[in-house]
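Visitor: Could you take me through the aromatic side of this structure, up close? I'd like one connected tour rather than a list.

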Amino acid sequence: KNDCKHEKIILFLWRISKMKFMGQKNENIKQMLNFFASKCGGEIDKVKALKLIWIADRLHIRHHARTISGDCYYAMRMGAVPSEAKSITACCNTISKSADANTNCFSETDIKCMELTFQTFGSLDWKELSAYSHNFPEWKRYESFLAENPNSRKKMEIDDFFCNPESIDGKLSDEQLHFFDESDEQLNLCREIYKENKAIEGLWN
């Protein structure tokens, strides 16, 4: 009876923890959209915002072993797409900064990566950012499939975020070309930490 009681308590705590995580994830995504809209003067193209979220997440996981948004990524015709952020913005082509915009949900490293992302890529439009995302392993993995099935999508392997592209095409500045320049040592360390955290998370699912 005691064992059963303990199991119920653990399950209850897990459910509470998961609900808090989901709530925090949605808040992070909403505030990332607000952040980039604010950087663009209060309004930003939806596809551009989604691509900036991807870049910031890719940068953060390669430095700190987690994404900022916590979103699930899919490879689609126009590149890397954070699925929850896409759902939130489904009814609009342009995102406006909302009245409840704030950065309180972010860590210092979150903000630093978002600032650096906008500083480096904020001048590009959505088409240029989509083309840029086509260079990376997490999208390249499904390039052939998407060419044959342009209206489909494939769930990305987040582990590919730790991999470097073979080459990068496009008219880009040196800063943009070498944005992801982490050492192999750092990438391997962050990959291992990420995998350990996912394994622990899996014990609760």
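Guide: Let's settle one word before we start: a residue is called buried when its relative accessible area is under 20%. By that cut-off, Tyr132 is buried, and so is Phe136. Keep in mind that we're looking at a predicted model.

Those two residues also pair up with each other. The rings of Tyr132 and Phe136 sit 5.0 Å apart, centre to centre, with 65° between the planes, and the pair is edge-to-face. They have company, too: Tyr132 and Phe136 belong to one aromatic cluster along with Trp54, Phe121, Phe179 and Phe180. One of those members, Phe180, has a charged neighbour, as Arg58 lies over its face at 4.9 Å from the ring centre. There's a similar arrangement to look at with Phe145, where Lys154 lies over the face of the ring, 4.7 Å from its centre.

Now let's step back for a moment. Searching the whole structure turns up 10 aromatic pairs. Among them is Tyr73 with Phe161: the ring centres are 5.4 Å apart and the planes meet at 65°, so this pair counts as edge-to-face. Tyr73 comes from strand β2, while Phe161 comes from the loop between β5 (154-155) and α8 (174-177), so the pair ties together parts that are 88 residues apart in sequence. Both partners, Tyr73 and Phe161, are buried.

Tyr73 gives us a handy way over to Val81. If we skip the neighbours within four places in sequence, Val81 is in contact with Tyr73, and also with Leu50, Lys51, Cys72, Tyr74, Met76 and Lys86. You'll find Val81 in strand β3 (residues 79-82). Its relative accessible area is 6%, so Val81 counts as buried. Val81 also leads back to the cluster: its C-alpha atom is 7.1 Å from that of Trp54, although the two residues are 27 apart along the chain, and Trp54 is one of the cluster members we met earlier.

One last stop, for the backbone. Most residues other than glycine have a negative phi. Ala65 has a positive one instead, with phi near 65°. Ala65 is in the loop between α2 (46-64) and β2 (73-76). With a relative accessible area of 5%, Ala65 is under the 20% cut-off and so is buried.

Terms used
Residues are numbered from 1 along each chain as its sequence is written. This is a predicted model: local features need pLDDT of at least 70, side-chain atom pairs count only at pLDDT 80 or more; totals for chains, interfaces and linings use all residues. Side-chain values use heavy atoms; hydrogens and water are left out. Helices (H or I, at least four residues) and strands (E, at least two) are DSSP runs, numbered from the N terminus. Buried means under 20% relative accessible area, exposed over 50%, partly exposed in between (1.4 Å probe, protein chains only). Contact means heavy atoms within 4.5 Å. Rings of Phe, Tyr and Trp (its six-membered ring) pair if their centres lie within 6.5 Å; planes under 30 degrees apart count as stacked, over 60 as edge-to-face and the rest as tilted. A charge sits over a ring if NZ of Lys or CZ of Arg is within 6 Å of the ring centre and within 35 degrees of the ring normal.
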